[in-house]
Amino acid sequence: VQLQASGGGLGQAGGSLRLSCAASGSIVRIDRMAWYRQAPGKQRELVARIVSDGITDYADSVKGRFTISRDDAGTTVSLQMNTLKADDTAVYYCNAIIKRSGLIFSREYWGQGTLVTVSS
């Protein structure tokens, strides 16, 4: 199983950016997909997550500004980031809990990080 993230880059304060993450491989079921971020000198934190039934959850710092969604197949998750702030600058990581073919239990997977830089 692989998670391939795309998007990010340089954005302006008040502007928008979009991240996407595609899961591929021998996937039986995706239990949850999420975005985490890690700013310089800080711990990695959960930004947003979407579970198998479509319920979403957000960090307080991004509520009302960021929207997590997934495609109809449920294998690609996107993070629409609006009204960007300088504090949103971080490396963003795609995360998923997936049951892979041949394994009894689901396990956690991480994608490569993608840098988001917001200029003020």
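## Tyr 93 and its ring partners

At 17% relative accessibility, Tyr 93 counts as buried, because the cut-off for buried is under 20%. This value, like every other one here, comes from a predicted model. Trp 110 has a relative accessible area of 36%, so Trp 110 is partly exposed.

Two aromatic pairs turn up in the structure. In one of them, Tyr 93 meets Trp 110 edge-to-face. The ring centres are 6.4 Å apart, and the planes make an angle of 85 degrees. Tyr 93 sits in strand S9 and Trp 110 in strand S10 (residues 107-110), so the pair ties together parts 17 residues apart in sequence. Ring pairs also bring in Tyr 36: Tyr 36, Tyr 93 and Trp 110 are linked into a cluster.

## Asn 95, a polar residue inside

Stay on strand S9, which covers residues 90-100 and includes Asn 95. Is Asn 95 buried or exposed? Its relative accessible area is 0%, so Asn 95 is buried.

Which side chains make polar contacts with the side chain of Asn 95? One is Arg 32, at 2.7 Å. Another is Glu 108, at 2.9 Å. Arg 32 and Glu 108 also appear among the residues that Asn 95 touches, once residues up to four places away in sequence are set aside. The rest of that list is Leu 3, Met 33, Ala 34, Tyr 36, Tyr 109 and Trp 110. Tyr 36 and Trp 110 are familiar from the ring cluster.

## The disulfide

How many disulfides does the structure hold? It holds one. Cys 21 and Cys 94 form it, with their sulfur atoms 2.0 Å apart. Cys 21 belongs to strand S3 and Cys 94 to strand S9, so the pair ties together parts that are 73 residues apart in sequence.

Both cysteines are buried. The torsion about their S-S bond is about -85 degrees, so the disulfide of Cys 21 and Cys 94 is left-handed.

## The largest nonpolar core

The largest nonpolar core has 30 residues. Which of them touch the most other members? They are Leu 3, Met 33, Trp 35, Leu 79, Met 81 and Tyr 92. Several strands give two or more residues to this core, including S1 (2-7), S3 (17-24), S4 (27-38) and S5 (45-51). S7 (66-70), S8 (76-81), S9 and S11 (114-119) do so too. The largest share, five residues, comes from S9.

Tyr 92 has a long list of contacts, leaving aside neighbours within four places in sequence. Among them are Trp 35, Leu 79 and Met 81, which are also named among the core members with the most partners. Tyr 92 is in contact with Leu 19, Val 47, Phe 66 and Val 116 as well. Its list also includes Arg 37, Gln 112, Gly 113 and Thr 114.

## Salt bridges

The whole structure has six salt bridges. One joins Arg 65 to Asp 88, with the closest N and O atoms 2.8 Å apart. This pair links distant parts of the chain, 23 residues apart. Arg 65 lies in the loop between strand S6 (56-58) and S7, and Asp 88 in the loop between S8 and S9. Are these two residues buried or exposed? Both Arg 65 and Asp 88 are buried. They also belong to a network: salt bridges that share partners join Arg 37, Glu 45, Arg 65 and Asp 88.

Other salt bridges involve residues with some exposure. Asp 31 pairs with Arg 29, and their closest N and O atoms are 2.5 Å apart. Asp 31 has a relative accessible area of 22%, so it counts as partly exposed. Arg 29, at 39%, is also partly exposed. Asp 60 bridges to Lys 63 at 3.2 Å between the closest N and O atoms. Asp 60 has a relative accessible area of 65%, so it is exposed.

## An unusual backbone angle

Thr 83 is not a glycine, yet it has a positive phi of about 45 degrees. Where does Thr 83 lie? It is in the loop between S8 and S9. Its relative accessible area is 42%, so Thr 83 is partly exposed. Asp 88, from the salt-bridge network, lies in the loop between S8 and S9 too.

How values were computed: Residues numbered from 1 in each chain as written. Predicted model: local features only at pLDDT ≥ 70, side-chain atom pairs only at ≥ 80, totals over all residues. Heavy atoms only, no water. Helix = DSSP H or I, 4+ residues; strand = E, 2+ residues; numbered from the N terminus. Buried < 20%, exposed > 50% of the residue type's maximum accessible area, 1.4 Å probe, protein only. Polar contact = N/O pair within 3.5 Å; in protein donor to acceptor, adjacent residues only side chain to side chain. Contact = heavy atoms within 4.5 Å. Core = buried A, V, L, I, M, F, W, Y, C linked by side-chain atoms within 4.5 Å. Salt bridge = Lys/Arg side-chain N within 4 Å of Asp/Glu carboxyl O. Disulfide = S-S within 2.5 Å. Phe/Tyr/Trp six-rings, centres within 6.5 Å; stacked < 30°, edge-to-face > 60°.
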